[in-house]
Amino acid sequence: MSGPHRPRLPAPRGPLGELVLPGLLSPAAEGPLPIDNVRDVAAAGPDADDLHLVLWCLHHLHVDGFADVDPAWEWAPSRVAVWGLLADHVEAELRLATAELVEEALAADGPVPDRLFAMVDGFGGASVASYLRKDGTAEQFLELLVHRSAYNLRESDPQALVLPRLTGAAQSALAELLYDEYGAGDPGRHHSGLYARAMTACGLSAAVGDYLRRLPGTTLVVPNTMHVLGLQRRLAPAAMGHFGVFEATSSGPSRLLARAAERLGLPREVFDYYDEHVEADAVHEQLVFRSICGSLADTDPACVPELFFGAAACLVVEDAAGRALLHAWEAGRSSLLDDGDNEQVAV
């Protein structure tokens, strides 16, 4: 029986990647990563494509790993130190980008769940789903599938990291939600499996990491943010605020994307994946905001700013990712990075 597919480590995209990625190709016992040099590059403000490729790779060592990377790197002290530096850098950027949204939510009146819903309703972000429903092409829809594969092929895994960090009603509600995300006991309804079948039906690879070299930083920051929040106990409330917004902004767009898939004549499996999320995520948003975030706020009022921070981080990151796609498509070009071999995502 063969093991899980493991991609090969991608080539660096900049000075940060040059410092970190080649070192991972050597056995972990041969020496540490150059933490001081990484600190200098991080302090100077690394390019987003460079930073988020490295961070995604460091996160993936916790999941499937890479075919050409020693598994011992997962907990090698220098890898953990590099991850900590980069995670702190991303967190600081997110706090700066979300400060105004968080302050507005803190100043508002009403229960925390209602203020979280109000934050979502008041945010005028980019709508890739609306564009694809009305004007998008089949090729652009397939590009979206490739972009989203960075998270959707491991859907809900970052949020599952938070489960043992919660207690009581919040933990029970998250367990209920994750049970649904993982297929409610039916492997055929596992959400990441549904996504893999949609990609395969479109002639795309459903192997995690196969399109990594084509994904820009604006795409990779989406799962990276989930991991930065989910892997740190002190940020568990932020991870749940983020998860709530992710679910609250899924049902409506999923309906539009299901209709877009029908309009463009894409395989039924694409429609099925998005149609599954229309009703499921309408329920999930209530569960996360009211049963998880509401319970956390009632139990520990000091965590409320973190709930709002995570929620705002999701809005800001998803908006940037969507705007990058729309900007490319409206300019008549692919939203994917050129990997040098002119490979195209085709129907």
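A helix here is a DSSP run of H or I that holds at least four residues, and helices are numbered from the N terminus. With that in hand, let's work through some exercises on this predicted model.

**Exercise 1. Place D88 and describe its surroundings.**

Task: Find which helix holds D88, and decide whether D88 is buried, partly exposed or exposed.

Solution:
- Step 1. Look along the chain: D88 sits in helix 4, which covers residues 77–107.
- Step 2. Recall the cut-offs: buried is under 20% relative accessible area, exposed is over 50%, and partly exposed is in between.
- Step 3. D88 has a relative accessible area of 42%, so D88 is partly exposed.
- Step 4. Try a distance too: D88 and L161 are 73 residues apart in sequence, and their C-alpha atoms are 18 Å apart in space.

**Exercise 2. Describe the overall build.**

Task: State how many helices and strands the protein has, and compare its radius of gyration with the globule rule.

Solution:
- Step 1. Count the elements: the protein has 15 helices and zero strands.
- Step 2. The radius of gyration is 20 Å, close to the 20 Å that the globule rule gives for 347 residues, so the protein is as compact as a globular protein of that length.
- Step 3. Add the dimensions: the C-alpha trace spans about 55 × 50 × 45 Å along its principal axes.
- Step 4. Turn to burial: 53% of the 347 residues are buried.
- Step 5. Check the contacts: among those with a separation of 6 or more, 80% are between residues 24 or more positions apart.

**Exercise 3. Compare two residues with positive phi.**

Task: S156 and A184 each have a positive phi. Locate each of them and work out how accessible each one is.

Solution:
- Step 1. Start with the background: most residues other than glycine have a negative phi.
- Step 2. S156 is not a glycine, yet its phi is about 75 degrees. For A184, also not a glycine, phi is about 50 degrees.
- Step 3. S156 belongs to the loop between helix 7 (138–152) and helix 8 (157–160). A184 belongs to the loop between helix 9 (168–181) and helix 10 (191–201).
- Step 4. S156 has 0% relative accessibility and therefore counts as buried. A184, at 36%, is partly exposed.

**Exercise 4. Explore the largest nonpolar core.**

Task: Name the residues that touch the most other members of the largest nonpolar core, and list the contacts of M240.

Solution:
- Step 1. The core has 115 residues, and L86, F141, M240 and Y274 touch the most other members.
- Step 2. Helix 15 (residues 304–330) gives the largest share of this core, 14 residues.
- Step 3. Both domain 1 (15–90) and domain 2 (109–331) supply at least three residues each to this core.
- Step 4. Setting aside neighbours within four places in sequence, M240 contacts Q159, V162, L166, L174, V288, I292, C293 and L296.

**Exercise 5. Examine how the domains meet.**

Task: Describe the contact between domain 1 and domain 2, and find which three residues of domain 1 supply the most buried area.

Solution:
- Step 1. The C-alpha centres of domain 1 and domain 2 lie 26 Å apart.
- Step 2. The contact takes 16 residues from domain 1 and 16 residues from domain 2.
- Step 3. The two domains bury about 1300 Å² between them, with 69% of it on carbon and sulfur atoms.
- Step 4. H52, W56 and H59 supply 42% of the area that domain 1 buries against domain 2, more than any other three residues.

Terms used: Residues numbered from 1 in each chain as written. Predicted model: local features only at pLDDT ≥ 70, side-chain atom pairs only at ≥ 80, totals over all residues. Heavy atoms only, no water. Buried < 20%, exposed > 50% of the residue type's maximum accessible area, 1.4 Å probe, protein only. Core = buried A, V, L, I, M, F, W, Y, C linked by side-chain atoms within 4.5 Å. Domains from an automatic or database assignment. Contact = heavy atoms within 4.5 Å. Rg over C-alpha atoms; globule rule 2.2 N^0.38 Å. Buried area = accessible area lost by both parts, 1.4 Å probe.
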